[in-house]
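Okay, thanks for letting me take the slot this week. Let me put the structure up and then walk you through how the pieces pack.

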Amino acid sequence: MRLNILIGGKAGQGINKVSEIVSNTLGNFGYFTFNYRDYQSLIRGGHNFNVLSISEEQIESHETKMNIIVALDERTLKTHKQALKKDGQIITSEQFENEGRNLNITLAGALIKILGIPLTELENEIKSQFKKSEEAIISAKKGFDSQENKFSLKKLKNKISILSGSEAVAIGARNSGLDLYIAYPMTPATNAMHELAKNQIEDNLMAFQAESEIAAANMALGASFSGAKTMTGTSGGGFDLMGEALSLQGISEIPLTVYLASRPGPGTGVPTYTAQADLDIALRAGHGEFPRFVIAPGNATETIEKTSEALFLAEKFKTLSIILGDKHLAESEFSSNKKPAKTPKFKISRKIPGESITKAASYEVDTSGNSTESYSITEKNVNARVAKYEKSKQFINDNFGMIKIHGNKNSKNLIIGWGSTSGAIKDAIKNLDAKFLQVLYCKPLSNQIRKEMEKANNIILVEENVTGQLGRLLREKTGIKIENRLLKYNGRPFHSDELKKYIEEIL
Amino acid sequence: MNPNDLSTKSENTWCPGCPNHMILASVKQTISDLITKQNKTVHQRSGLTSTSEAVNQRSGLTKEDFAITTDIGCHAKIFDYLNLSGIYCLHGRALPTGIGMKLGNPNLKLLTFVGDGAMYAEGMEHFVHAFKYNTDMTLILHDNQSFSLTTGQPTPTTQTGYVSKASPLGTFDKPFNPLKLALAANATFIARVSARDMKHMQEVFTKAIQHKGFSFVEVIQDCLIFNLESNTKDSRMYKIKDNKDKSIAEKLTNEYDYNTKDGKIPMGIIYQSAEPTLEEKWPQLNKLIKSKSYWKNK
C-alpha cells in the first residue's frame, strides 16, 4: 500500500500543521510516512505544498501521483490537479469556511476519515499538542464527519518516530555532548540552529549567532581550541565564506565540525529548494592540502549517527569533519522504527589554554608552537598531515559504516548514489533486479566501492547535480567511468516512481 | 613574577628600533605585574582570614590564565615572542577567533593583538560587532597607518595623498576615525597610547585588562620604514585624565582625525562605561564563570 496526499496553500495558512498532525496520527497508528516540503522564499502568500506519503513498510520518498489533494487555495488546485489519480479525491478549504484558525485541524479530521482511521486516534494526537484541546477536537470532528471512508487502514504494530534531518543533526550533536553551536542564518541549515537553540539551557549547551559565516567559523575554531565541543553550520554561500577558516583548521589542527546543508547554486540560486551540487566544495574548499572527512547521511537516523561520528572523528584526528546534507534531508520529515546506533562518546583530553601553555597557528610551527619558515619542519608537518589520511581511513573502516548496500545484493545492476537521494533510490528499486550502493563517506572513500563496481554489469549513477560529482570522484579514485547517469538539477528531489521509470528504461 | 618568564626562544625579526619592541616589553611587564599583584593580595588575604576561605579563592593568577590571539602583520609576530597560550589567526580574524576562545572558556584573560590594516580593512565587521557583544577581553591595536609587512600599502587610517607602490597616484580617501567609530558602536572602553611611552602603556594596558567588558586600546606605533610622513605625531600628543563622560569622549575622539598635520592628539582613557558583558548576558557562560569551570568539565 502506498498513498500520497498533497496539501497546498499560501505560506502562513498552516499546511505544515495539517501534515504534522496527520503524520503523527499515522505514526501512532503504526504507519510509515515521508513528508516532502516544497516552499518558496517568502513569508506570506505564494504557493507552498507538502506531499505526505504513507505506507505500511519503510519509505523515504514521495511520489508523483496523488490519492488526495487538500487545497487551501485555488492555486493549489490549478497547479496540482493533473497530479491527481483517476479515482483521487479533492478536499478544499471552501467546504469549511467558518473554521477560522482551526481550519488545519478540521482538514486533518477530514483526511483521517478518508483514510479510515478512528477519530480517537486524531483526538489523542490533538490532546498531546494542545493544552486546551476542546475547541480543536470539535473542529476535528467537523472535518471527520464531513467525509466518507475511502481507505481502511488497519492499526499496525510498528513503533514509529518522526524526525526532520535538521532535528536529527541537533540530536546527534547533543548525543555527543555538543557545547557550542556557532552559526549565521542560512537556509536550509538554519533549522539545525533553531533546534539546538530551543532548549539550550536545559541541554547545557549554547547556540550563538555570529555576525557572519566568517566570524562563525573563526569563533568555532577559537572555542574548540579552548576545549569546547564545537560545531558550525551553513549552506553553500556561507560555506564559501568559511573557506579560509577551514584552511586554518588544516594547519592549526584545531578540531572543527561543519554542517553543510546544500541548496541549488551558484550564487543565491533557488534558495528554498534542493541540490547535491556542493560535494565538490565539501571535498576541496580551503587552500593548501589537508585531511578532512566528508560524511553524507541519507535520512534522519543516519544523520543522528553521522553527526556524532563527525564530532568524534574531528576530535580524535584533530581534523575537519563536514556533515554534508541538503534541503531535502534537512526539511523532509522521515519516519522510522529503528533506533540509531550507539553514540561514539568522547572526552576532550588534549592540552587547552587555561590549563597549560597551548599554542595553535595559521603558520607552520615548530615544536614550541611558534611560527617557522624552516624547510625541514615544513616538510615534516606536511607529511604528518597527509599521514592522517590512511590512519583515519583504517579507523573509520573498522568502526563506522562507510557505505550501505540496499536491494537485491546479488544483482549485477548497480545503482550508486548518496545523501538525500538515497531515499528515492531505495524506494524505486524495491521490485527491480538492482542493488543500491549508498556512499556515506565521500572522504575517505571505502575500498569496497571499487569491488562493487567491478562486479556489476550495469552501473547507474543517480545524483541531484548537473556534472555527476560523485561519479567524477569515483572515476578519479577507481578509474571507472559510469556511463549511465540519472541527474536531476531543477531544485526538486527525485520522486521514487519517477526514478523507477528512468531506471527501468536503462535496465 | 619576572617579565622574562613570558619570553620565548623565537628569533625576534622586528626591525631594530621598531616601537613594537616597546609594546612587547610593556605587555610582558603589565601581565607579570598583574600576576604578582594578584598573588600578593591572595596571599595576604589567606594570611588574615581562615585557610578554607583562601582555598575557595582561586590560588592566585598564573600566566596559564592568560591567552592571546594575534592577526597577521608585523604586530602579530608578538605571538612568537610571548610565552602565553593563543592562536596566531588568519588576517582580519584575530577578533572573532578570540571571542570564540572566550565562548569556549570565559575564564580566560584574553588579549587580542591586531594591526590597523587587519582590523579596519579585512576585519572591520568584527571590530564593530565586538563592541555590541562587549566580550570581557582586550583589543590592542598597533596603528602605524600602513600595511608594513607587505611593503607599505595604504590602510583605512592612512592619510590622504600617501604615495606607495600600490597608490602611485596618492591615496584619494580620507582615513577612518576608528575611535569615533568605536564610540558610536557603544564601546565601553576606548584608550589611546603611544608605543614610545612604556610607563603610560603599562598603566593603560592594566586598566584595560581590569575593565569588565571589551576594552579597545589604540597604540600609535610609528613604522620606521614605510609611511614616514605620518610619524610627526609625538609633539602633538597630550595626556588626558581618565574620562567617563560620553560628550567629552565625543569631543576627544574628534580632536585627531588621522589626516591633518596639526591639532592635538589626546592620550589616555578616552571613554569608559559599565555595560553587561557577553559573559554576564549569557547564562551558560555566567555559570562557567561562577563555578570557575569550562565546558570541558561540564
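**Strands, helices and contacts**

Let's start with a pair of strands: β4, residues 66-71 of chain A, and β5(A) run parallel and are joined by five bridges. If you want a register mark, Ile68(A) is the residue standing opposite Gln89(A) in β5(A). Before I go further, a reminder that this is a predicted model.

So what order do the strands take in the sheet that holds that pair? Reading across chain A, the order is β5-β4-β1-β3-β2-β13-β6, an open sheet of seven strands with mixed pairing. β5 (84-92) and β6 (161-164) of chain A are the edges, and each has a single partner strand, so one side of each has no neighbour in the sheet. Ignoring direction, the average turn between neighbouring strands here is 20 degrees.

Now look at what packs on that sheet. Helix α3 of chain A, residues 103-115, sits on it and touches β1 (2-11), β4 and β5 of chain A. The direction of α3(A) makes about 160 degrees with that of β4(A).

α3(A) also has a helix to pack with, namely α5, residues 134-145 of chain A. Their axes are 6 Å apart, and the packing angle is about 45 degrees. At that angle, α3(A) and α5(A) are therefore oblique to each other. As for the hand, α3(A) passes α5(A) in a right-handed crossing.

Who is actually meeting whom? On the α3(A) side we have Ile105(A), Thr106(A), Leu107(A), Ala108(A), Gly109(A), Ala110(A), Ile112(A) and Lys113(A). Facing them from α5(A) are Ala136(A), Ser139(A), Ala140(A), Lys141(A), Lys142(A), Gly143(A) and Phe144(A). By class, that contact of α3(A) with α5(A) comes to eight nonpolar, four polar and three charged residues.

Okay, let's zoom out to the domains. Chain A splits into domain 1 (2-159), domain 2 (176-399) and domain 3 (403-506). For domain 2 and domain 3 of chain A, the C-alpha centres are 26 Å apart. Domain 2 of chain A puts 30 residues into the contact, and domain 3 of chain A puts in 24 residues.

Which elements supply two or more residues to the domain 2 side of chain A? They are α10 (279-284), β11 (292-295), α11 (300-317), β12 (320-326), α12 (327-331) and α13 (375-399) of chain A. α13(A) gives the largest share of that side, five residues. In terms of class, the domain 2 side that touches domain 3 of chain A has 16 nonpolar, eight polar and six charged residues.

Moving along chain A, there's another sheet to show you. This one is an open sheet of five strands, in the order β15-β17-β16-β19-β20 (chain A), with mixed pairing. Its edge strands are β15 (403-407) and β20 (484-487) of chain A, each pairing on one side only. From one strand to the next, the twist averages 20 degrees.

At one end of that order, β15(A) pairs with β17, residues 435-439 of chain A, in the antiparallel sense over five bridges. There, His406(A) is opposite Phe436(A) in β17(A). Packing on this sheet is helix α16 of chain A, residues 469-478, which touches β16 (413-418), β17, β19 (458-463) and β20 of chain A. The direction of α16(A) makes about 135 degrees with that of β19(A).

Last stop is chain B. The contact between the chains takes 44 residues from chain A and 37 residues from chain B. On the chain A side, the elements giving two or more residues are β7 (180-183), β8 (206-209), α8 (213-225), α9 (236-252) and β14 (359-361) of chain A. The largest share there, ten residues, is from α8(A). By class, the chain A side that touches chain B has 23 nonpolar, 16 polar and five charged residues.

There is strand pairing across the chains too: β14(A) and β2 of chain B, residues 85-88, pair in the parallel sense over three bridges. Lys359(A) is opposite Gly86(B) in β2(B).

And α8(A) has a partner helix, α4 of chain B, residues 94-104; their axes come within 6 Å and cross at roughly 45 degrees. That makes α8(A) oblique to α4(B), and the crossing is right-handed. Among the residues making the contact are Met219(A), Leu221(A) and Phe225(A) of α8(A), with Ile99(B), Met101(B) and Leu103(B) of α4(B). The residues of that contact of α8(A) with α4(B) come out as ten nonpolar, seven polar and no charged.

Definitions and conventions:
Residues numbered from 1 in each chain as written. Chains lettered and ligands numbered in written order. Predicted model: local features only at pLDDT ≥ 70, side-chain atom pairs only at ≥ 80, totals over all residues. Domains from an automatic or database assignment. Contact = placed C-beta atoms within 7 Å. Helix = DSSP H or I, 4+ residues; strand = E, 2+ residues; numbered from the N terminus. Nonpolar A, V, L, I, M, F, W, Y, C, P; charged D, E, K, R; others polar. Pairing = 2+ DSSP bridges. Axes fitted to C-alpha atoms, helices over the stretch in contact; angles between N-to-C directions. Parallel < 35°, antiparallel > 145°, perpendicular 65-115°, else oblique. Left-handed = near helix turned anticlockwise from the far one by under 90°.
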